[in-house]
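Trainee: Could you take me through this one term by term? I'd like to hear what stands behind each word.

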Protein chains: 2
Amino acid sequence: MEAPLILSNHDLRNTSARLAVLGIFQKYTYALSHSNIEKELQKDFDRVTIYRTIHSFLDKGIVHKVMDDSESAKYALCVDECSSDHHHDNHVHFKCSKCGNSECLNNIQIPLTNLPSGYIATESNLLIEGVCKACS
Amino acid sequence: MEAPLILSNHDLRNTSARLAVLGIFQKYTYALSHSNIEKELQKDFDRVTIYRTIHSFLDKGIVHKVMDDSESAKYALCVDECSSDHHHDNHVHFKCSKCGNSECLNNIQIPLTNLPSGYIATESNLLIEGVCKACS
DNA sequence: TCATTTATGAAACTCTGTTGCAATAGTAAA
DNA sequence: TTTACTATTGCAACAGAGTTTCATAAATGA
């Protein structure tokens, strides 16, 4: 989908900062951190603007947070099922120990797990670490 | 096991900082962050000492890193199978969205996942979010 | 085009985590 | 017990991640 349409569909104004950041997310297949995005941007947006852009994307369900064991948070585009009400809640991510990139494996479902009694699951995230296709 | 014995078994000197931090890990059933530990300590150890203590515990396999979606890293005691060579590599953690605590579910194994061809898994971490027994 | 609302930039700040170095405490052996 | 060696600690300084406030600028709907 076109970036300006994605923004307006999610009730976000079409600003140059958002279009630029969204374009970067669309360009990469793996999860990006704030500093990844900052370096990739041509125009010099303020650090704070980038943080706020990421937060607005998170709020509206355009991107989701990717957990890996690196210091800082990473984000990746949601698949179509995500919305601001309800993030797609069964993510599998793969982090390559060689290149350090984290990819979403959208086609793979997390198998259900039997929790101890009294525990109620609402969301689950599986992070698999190893060597990715490009590095093996 | 007694704290001083745990330290010497893992080739770490018995210092007051390490005994104090290890005592805190033994006291709580859920994963702790650096700041959790700092607040909990009676005696005023230097921030850096606490960081280094956590790192030495990680190195020696006394604690492992717990991933959740919070800003800062959290750590929890390893089960007995861990060693400095080989961390137990199939962790399931449960994060409660009410109290915010992350527990290790040591009895639960992560089901195997079929990866796309070319991907090689060496480790996997499953984070389940929801409501814990104490909060439900 | 105008008024309103939302987004941006700048500065200042907090929190997390690291590094280098000198002083101190543990440990093993004499 | 004392010594000598090595590991650990505290301190200072730093780098990076992330947030808040507020005045200015840009987007949108009328």
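Mentor: Sure, starting at the DNA: α4(B) gives the largest share of the surface near DNA strand C, five residues. Bear in mind that this is a predicted model, where local features need pLDDT of at least 70, side-chain atom pairs count only at pLDDT 80 or more, and totals for chains, interfaces and linings use all residues. Residues are numbered from 1 along each chain as its sequence is written, chains are lettered from A and ligands numbered from 1 in the order in which they are written, and side-chain values use heavy atoms, with hydrogens and water left out.

Trainee: What makes a residue "near" DNA strand C, and which are the closest?

Mentor: One of its heavy atoms has to lie within 4 Å of the strand. For DNA strand C, 20 residues surround it, and the closest are T15(A), R18(A), T49(A), R47(B) and H55(B). Sugar and phosphate make up 60% of the strand C atoms that come within 4 Å of the protein.

Trainee: Why is R13(A) said to make a polar contact with DNA strand C?

Mentor: A polar contact is a pair of N or O atoms within 3.5 Å; within protein, one must be able to donate a hydrogen and the other to accept it, and residues adjacent in sequence count only if both atoms are side-chain atoms. A polar side-chain atom of R13(A) lies 3.0 Å from a base oxygen of strand C, so the pair qualifies. The side chain of R52(B) also has an N or O atom 3.3 Å from a base oxygen of strand C. With D46(A), a polar backbone atom is 3.3 Å from a phosphate oxygen of that strand.

Trainee: Which residues are closest to DNA strand D?

Mentor: H55(A), T15(B), R18(B), T49(B) and R52(B), out of 20 residues that surround strand D. Here sugar and phosphate account for 63% of the strand D atoms within 4 Å of the protein.

Trainee: How do you know that R18(B) is in polar contact with a phosphate oxygen of strand D?

Mentor: The distance from its polar side-chain atom is 2.5 Å, so the pair passes the cut-off. R13(A) turns up here too, with a polar side-chain atom 3.2 Å from a base nitrogen of strand D. For R52(A), a side-chain N or O atom is 3.4 Å from a base oxygen of strand D.

Trainee: What does α4(A) give to the surface near strand D?

Mentor: The largest share, five residues. Helices here are DSSP runs (H or I, at least four residues), strands are runs of E (at least two), and both are numbered from the N terminus. α4 of chain A spans 47-60, so it clears the helix minimum.

Trainee: On to the protein chains. What makes β6(A) and β6(B) a pair?

Mentor: DSSP must find at least two bridges between two strands. These two have 11 and run antiparallel, so they pair. Within that, N125(A) stands opposite L127(B).

Trainee: How much area is buried between chain A and chain B?

Mentor: About 2,800 Å², with carbon and sulfur atoms giving 63%. Buried area is the accessible area (1.4 Å probe) that two parts lose on being put together, summed over both. Strand β6 of chain A gives the most to its side, with 12 residues.

Trainee: How many salt bridges link chain A and chain B?

Mentor: Zero. A salt bridge needs a side-chain nitrogen of Lys or Arg within 4 Å of a carboxyl oxygen of Asp or Glu. Polar contacts do appear there: 14 residue pairs, both residues at pLDDT 80 or more.
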